[in-house]
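Colleague: I would like to learn how to read burial, contacts and a ligand site from a model. Please take it step by step.

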Amino acid sequence: MSELESVARRILNCTLCDLCQGRTHAVPGEGPESARIMLIGEGPGAQEDVQGRPFVGASGQFMLETLATIGLRRQDVFITNLVKCRPPGNRDPLPDEILMCSQTYLDLQIELLDPKIIITLGRFSLGRFVPQASISRVHGQPQSVGGRLIYPLLHPAAALRRPEWRQAFQVDVARLADLIKN
Ligand code: URA
């Protein structure tokens, strides 16, 4: 078993915070261990909780369709979340939950995968890397954090809610193509 697989196994059995009580499945994340791009969402939604896989609902479909426009497929990237268990009623993850889960698992997944680009999805994910940044100001602008390249995107669920955010998401993904080339 690889180290990333053993992290995933620990996540599946995790009871470090109360989110474990309401979950159907924990969602460790998935993708090839050779992936150079890592996408980090907020936390599993209803579909993800049922299937145990990240971004398999409506926002995932929109995100993956948009990434396909620049030739990125699900099997090319590693997709995970800040918190690995669904917050009840789809509420926002709490600061303690984010801290506990990402310090225990996400940081390790990043270290083991060692991606060239980390794409954050939404404000919570961005906040883990650039706490003071406003997502509405910096989306689509690469950030350098501790030697890592962070590319902030709006959350695809938000992009689905408002046409102007949907367009911004699509424009930011188009610009990502240049970043990947370079
Ligand atoms: N939204 C997220 O942030 N993550 C998922 O896995 C699904 C929806």
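Modeller: Start with burial. A residue counts as buried under 20% relative accessible area and as exposed over 50%, with partly exposed in between. Keep in mind that this is a predicted model.

Colleague: Is S59 buried or exposed?

Modeller: S59 has a relative accessible area of 15%, so S59 is buried. The residue lies in helix α4, which spans residues 58-68.

Colleague: Which residues does S59 contact, leaving aside neighbours within four places in sequence?

Modeller: They are H155, P156, A157 and L160. Two of the names return at the ligand: both S59 and H155 are among the residues that surround the ligand.

Colleague: Which other residues surround the ligand?

Modeller: The rest of the list is G41, E42, G43, E48, P54, F55 and N81. By class, the shell has two nonpolar, five polar and two charged residues.

Colleague: How should I read the polar contacts there?

Modeller: A pair of N or O atoms counts when the two are within 3.5 Å. On the ligand's oxygen side, a backbone N or O atom of E42 lies 2.8 Å from an oxygen atom of the ligand, and a polar backbone atom of F55 is 3.1 Å from a ligand oxygen. A nitrogen atom of the ligand is 2.7 Å from an N or O atom in the side chain of N81. On its own the ligand has 230 Å² of accessible area, and the protein covers 93% of it.

Colleague: Which residues have the most contacts inside the largest nonpolar core?

Modeller: They are L39, M63, L67, I119, L121 and F169, in a core of 48 residues. Helix α5, residues 95-113, gives the most to this core, with six residues. Take L121 as a case: beyond four places in sequence, L121 touches L39, M63 and F169, among others. The list for L121 also includes G41, E42, F55 and H155, and these four are among the residues around the ligand.

Colleague: Is H25 buried, partly exposed or exposed?

Modeller: H25 has a relative accessible area of 37%, so H25 is partly exposed. This residue is found in the loop between α2 (19-22) and β1 (37-41).

Colleague: What does H25 touch, not counting residues up to four places away in sequence?

Modeller: H25 touches D49, V50, Q51 and G52. The side chain of H25 reaches the backbone oxygen of V50 at 2.8 Å, and a polar atom of that side chain lies 3.1 Å from the backbone oxygen of D49.

Conventions: Residues numbered from 1 in each chain as written. Predicted model: local features only at pLDDT ≥ 70, side-chain atom pairs only at ≥ 80, totals over all residues. Heavy atoms only, no water. Near = heavy atom within 4 Å. Polar contact = N/O pair within 3.5 Å; in protein donor to acceptor, adjacent residues only side chain to side chain. Areas by Shrake-Rupley, 256 points an atom, 1.4 Å probe, with all protein chains shown as cover. Nonpolar A, V, L, I, M, F, W, Y, C, P; charged D, E, K, R; others polar. Core = buried A, V, L, I, M, F, W, Y, C linked by side-chain atoms within 4.5 Å. Buried < 20%, exposed > 50% of the residue type's maximum accessible area, 1.4 Å probe, protein only. Helix = DSSP H or I, 4+ residues; strand = E, 2+ residues; numbered from the N terminus. Contact = heavy atoms within 4.5 Å.
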